[in-house]
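Hello,

Here is the structure you asked about. Have a look at it first, then read my notes underneath.

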Amino acid sequence: MNIKDTSISKENMIVIYKAIGQNVKRLRKEKNVSQLELSLAIGHKAVGTVSMCELGINNKHFNLEHLIKIADVLDIDINEFFKDIKFK
């Protein structure tokens, strides 16, 4: 049995995390939810985490728990965060 190499480079992970952050931001804005409202709804006291994750700065990104909670708050399918993600 041949096992396929499924490793993903660090550069590709950065691209993926940034795309997810952009999708969260777009969907949040489409639902007219502020960063503060979203932050409070997922258990944060300030907008810092959501802001940095949406922009993909300071090596911050949404984890699976965040995405599940955000999908629930925005009343969307979690797959929406992964649409149109392309990497090499």
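Glu80 and Lys83 form a salt bridge, with their closest N and O atoms 3.1 Å apart. Bear in mind that this is a predicted model. Glu80 is partly exposed, at a relative accessible area of 24%. Lys83 is partly exposed as well, at 42%.

That pair is not alone: the count of salt bridges comes to 4. Side chains of opposite charge can pair when their charged atoms come close.

Another of these joins Arg28 to Glu54, and here the closest N and O atoms are 2.7 Å apart. This pair links distant parts of the chain. Arg28 sits in helix α1 and Glu54 in helix α3, 26 residues apart. Are these two residues buried or exposed? Both Arg28 and Glu54 are buried.

Then there is Lys69 with Glu65, at 3.0 Å from N to O. Both residues belong to helix α4 and lie 4 residues apart, about one turn of the helix. An α-helix has 3.6 residues a turn, so residues three or four places apart point the same way. Lys69 is partly exposed, with a relative accessible area of 33%. Glu65 is also partly exposed, at 48%.

Now for the rest of α4, which runs over residues 64-74. Which of its residues are buried? They are His66, Leu67, Ile70, Ala71 and Leu74. These five lie on the same side of α4, because they cover an arc of only 130° around the axis. Leu64 and Asp72 are exposed on the other side of α4. What covers the buried residues? The cover includes α1 (10-30), α2 and α3 (48-55).

Both ends of α4 deserve a look. At the N-terminal end, Asn63 acts as the cap. One of its side-chain oxygens lies 3.0 Å from the backbone nitrogen of Glu65. Glu65 is thus a residue to find twice: it takes this contact through its backbone, and its side chain meets Lys69 in the salt bridge. Just after α4, Asp75 takes a positive phi of about 55°.

Last, the surface. Leu36, Leu40 and Val47 form a nonpolar patch there. Together they have about 240 Å² of accessible area. Leu40 of this patch is found in helix α2, residues 35-41. Helix α2 is also part of what covers the buried residues of α4.

Best wishes

Terms used: Residues numbered from 1 in each chain as written. Predicted model: local features only at pLDDT ≥ 70, side-chain atom pairs only at ≥ 80, totals over all residues. Heavy atoms only, no water. Patch = residues over 30% accessible without salt bridge, like charges linked within 9 Å, V, L, I, M, F, W, Y side chains within 5 Å. Areas by Shrake-Rupley, 256 points an atom, 1.4 Å probe, with all protein chains shown as cover. Helix = DSSP H or I, 4+ residues; strand = E, 2+ residues; numbered from the N terminus. Buried < 20%, exposed > 50% of the residue type's maximum accessible area, 1.4 Å probe, protein only. Arc of directions from axis to C-beta. Contact = heavy atoms within 4.5 Å. Polar contact = N/O pair within 3.5 Å; in protein donor to acceptor, adjacent residues only side chain to side chain.
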